[in-house]
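Reader: I have a model open and would like to learn how to read its features one at a time. Could we start with a pair of charged side chains?

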Amino acid sequence: MSFAMLGPYAAFIVWSYAIVTVVVLALIGWVVSDYRRQQAILRDLDAKGITRRSGREAA
């Protein structure tokens with residue numbers, strides 16, 4: 001497939017795919033970053049001895 005096969009809207013199509021690719025990669029990066037931040041917060045809470053109620057033994 002060549003650039004000429006896309007017709008007169010080739011630039012629009014290529015830029016659309018490029019922009020969508022950048023947005024998807026940014027979202028993946030944001031999710032990974034947020035996951036790591038949440039894991040750090042949970043490790044900090046565990047270090048302080050704060051646990052979830054569901055993790056406690058029944059009285």
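Author: Gladly! This is a predicted model, and a good starting point is the salt bridge that joins the side chains of Arg37 and Asp34, at 2.8 Å from N to O. The general idea is that side chains of opposite charge can pair when their charged atoms come close.

Reader: Where do Arg37 and Asp34 lie, and how many residues apart are they?

Author: Both belong to helix 1, with a separation of three residues, about one turn of the helix. In general, an α-helix has 3.6 residues a turn, so residues three or four places apart point the same way.

Reader: Why does Arg37 count as partly exposed? And what about Asp34?

Author: Exposed means over 50% relative accessible area and buried means under 20%, with partly exposed in between. Arg37 counts as partly exposed because its relative accessibility is 48%. Asp34 is partly exposed too, because its relative accessible area is 25%.

Reader: How many salt bridges does the structure hold?

Author: There are two. In the pair we have not discussed yet, the side chains of Lys48 and Asp44 meet at 3.5 Å, N to O. Lys48 counts as exposed because its relative accessibility is 57%, whereas Asp44, at 39%, counts as partly exposed.

Reader: Now the backbone. How many helices and strands does the protein chain have?

Author: One helix and zero strands. Helix 1 covers residues 10-47. A handy check is to set the length of a helix against its expected span: helix 1 has 38 residues and reaches 55 Å from first to last C-alpha, close to the 56 Å expected at 1.5 Å a residue. Just after helix 1, look at Gly49, which takes a positive phi of about 90°.

Reader: What does Phe3, in the segment before helix 1, touch?

Author: Leaving out residues up to four places away in sequence, Phe3 touches Ala10, Ala11 and Val14. Phe3 and Val14 are 11 residues apart in sequence, and their C-alpha atoms are 8.8 Å apart in space. Even with these contacts, Phe3 counts as exposed, because its relative accessibility is 52%.

Reader: Which residues form the nonpolar patch on the surface?

Author: Trp15, Ile19, Val23, Leu27, Trp30 and Val31 do, with about 680 Å² of accessible area together. Take Trp30, found in helix 1: it counts as exposed because its relative accessibility is 56%.

Reader: And for the whole chain, what share of residues is buried?

Author: Buried residues make up 2% of the 59 residues in the protein chain. The chain exposes about 5700 Å², and carbon and sulfur atoms supply 67% of that area.

Conventions:
Residues numbered from 1 in each chain as written. Predicted model: local features only at pLDDT ≥ 70, side-chain atom pairs only at ≥ 80, totals over all residues. Heavy atoms only, no water. Patch = residues over 30% accessible without salt bridge, like charges linked within 9 Å, V, L, I, M, F, W, Y side chains within 5 Å. Areas by Shrake-Rupley, 256 points an atom, 1.4 Å probe, with all protein chains shown as cover. Salt bridge = Lys/Arg side-chain N within 4 Å of Asp/Glu carboxyl O. Helix = DSSP H or I, 4+ residues; strand = E, 2+ residues; numbered from the N terminus. Buried < 20%, exposed > 50% of the residue type's maximum accessible area, 1.4 Å probe, protein only. Expected span 1.5 Å × (residues − 1). Contact = heavy atoms within 4.5 Å.
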